[in-house]
Amino acid sequence: MDGVSTPQTSPIAFLKGHGTENDFVIVPDPDNAIDLPASAVARLCDRRAGIGGDGLLHVVRSAAHPEARDMADEAEWFMDYRNADGSIAEMCGNGVRVFARYLERAGHAEAGDLAVATRGGVKKVHLTKEGDITVSMGRALFPEDGVTVTVDGRSWPARNVNMGNPHAVAFVDDLDHAGDLLSVPAFSPASVYPDGVNVEFVVDRGERHVAMRVHERGSGETRSCGTGACAVAVAAARRDGADPSVTGAPVTYTVDLPGGRLMITERPDGEIEMTAPAVIVAEGHIEPAFLAVTETVIA
């Protein structure tokens, strides 16, 4: 927000939605008038004491947010995305789909093309009348830094992929080797990801077909991760000798996650598209006193 925030005195509207079971609290705030500090976001995303979610989608007009004003000419709406712990994130692929579904429901968008501003840049979205949503996720970057991921004494080399946020993609023999993913998988050298990393564990299911589990920084294991699925697909394409920039042909991978299936296509120009449905499941109001609560620790 700009300037000094004022305490909330009236109920705050919210919705709940998910994309392949990657779920989000949605807070519409066109004028960027609601103060959402990290502690409030974490409270809202708490699955026992709050609404519950893998993250929060703060819906703001780009012109009203200092981080998005320079994108306002391209995209009317800015996805101010927060992780479940309240930390700020650059992008969330499933979040963009749910964000677009909300805009459609609210009458701010309709079937067809839409642009959404994010901290990872402006994302092009296509909403079909049948319900699927395709997001142009941009191009993957491949930092040359090598990294190793370790869980329960097992270690794997991981592909360093950046989708506007950092990923470490490890191909394993069994998804159970990822452990419980309650804590952050160890990676080295630590200097490769100074701000943390999303770690994907991947197994093959068939030709151009993989399955994955993911630990998202700031959220723990989630049922789905859009940018993670994109990182996995491009890493698999290079492992399989199917790099579209080399072959000249687009390649599509089916990526299965605990929460559902994403279709990821990489084109010869490097543009990556993600397709899957997104659903709004509930709406209601947040009591302003809830956001102002100070946690009490019982010894």
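**Charges, burial and aromatic pairs in a predicted model**

The chain in this predicted model carries 26 positive and 44 negative side chains, and the centres of these two sets are 3 Å apart.

Q: What makes the side chains count as positive or negative here?
A: Lys and Arg are taken as positive, Asp and Glu as negative, while His and the chain ends are left out. On that basis the chain has 26 positive and 44 negative side chains.

Q: How do you know whether the radius of gyration of the chain agrees with that of a compact globule?
A: A compact globule of 299 residues would have a radius of gyration near 19 Å; the chain has 19 Å, so the two agree. Along its principal axes, the C-alpha trace spans about 55 × 55 × 30 Å.

Q: What does the chain contain by way of helices and strands?
A: There are five helices and 18 strands. As for contacts between residues at least 6 apart in sequence, 63% of them join residues at least 24 apart.

Q: How much area does the chain expose, and what share do carbon and sulfur atoms supply?
A: About 13,200 Å² is exposed, with carbon and sulfur atoms supplying 49% of it. Of the 299 residues, 53% count as buried.

Q: Why is S136 called buried?
A: Buried means under 20% relative accessible area. S136 has 15% relative accessibility, so it counts as buried. You will find S136 in strand β7, residues 132–138. Leaving aside residues up to four places away in sequence, S136 touches K123, K124, E271, I272 and E273.

Q: How many aromatic pairs does a search of the whole structure find?
A: The search finds three. One of them joins F24 and Y81, with 5.9 Å centre to centre and 75° between the planes.

Q: Why is the pair of F24 and Y81 called edge-to-face?
A: Ring centres must lie within 6.5 Å to pair, and planes over 60 degrees apart count as edge-to-face. At 5.9 Å and 75°, F24 and Y81 fit that description.

Q: What makes this pair a tie between parts of the chain?
A: F24 lies in strand β2 (residues 22–28) and Y81 in strand β4 (residues 77–83), so the pair ties together parts that are 57 residues apart in sequence. F24 counts as buried because its relative accessibility is 0%, and Y81, at 2%, counts as buried too.

Q: What kind of aromatic pair do F187 and Y193 form?
A: Their planes are 80° apart and their centres 5.4 Å apart, which makes the pair edge-to-face. Y193 is buried, with a relative accessible area of 5%.

Terms used:
Residues are numbered from 1 along each chain as its sequence is written. This is a predicted model: local features need pLDDT of at least 70, side-chain atom pairs count only at pLDDT 80 or more; totals for chains, interfaces and linings use all residues. Side-chain values use heavy atoms; hydrogens and water are left out. Helices (H or I, at least four residues) and strands (E, at least two) are DSSP runs, numbered from the N terminus. Buried means under 20% relative accessible area, exposed over 50%, partly exposed in between (1.4 Å probe, protein chains only). Contact means heavy atoms within 4.5 Å. The radius of gyration is taken over C-alpha atoms; the globule rule is 2.2 Å times the number of residues to the power 0.38. Accessible areas come from the Shrake-Rupley method with a 1.4 Å probe; for residues, only the protein chains shown count as cover. The place of a charge is taken as NZ of Lys, CZ of Arg, CG of Asp or CD of Glu. Rings of Phe, Tyr and Trp (its six-membered ring) pair if their centres lie within 6.5 Å; planes under 30 degrees apart count as stacked, over 60 as edge-to-face and the rest as tilted.
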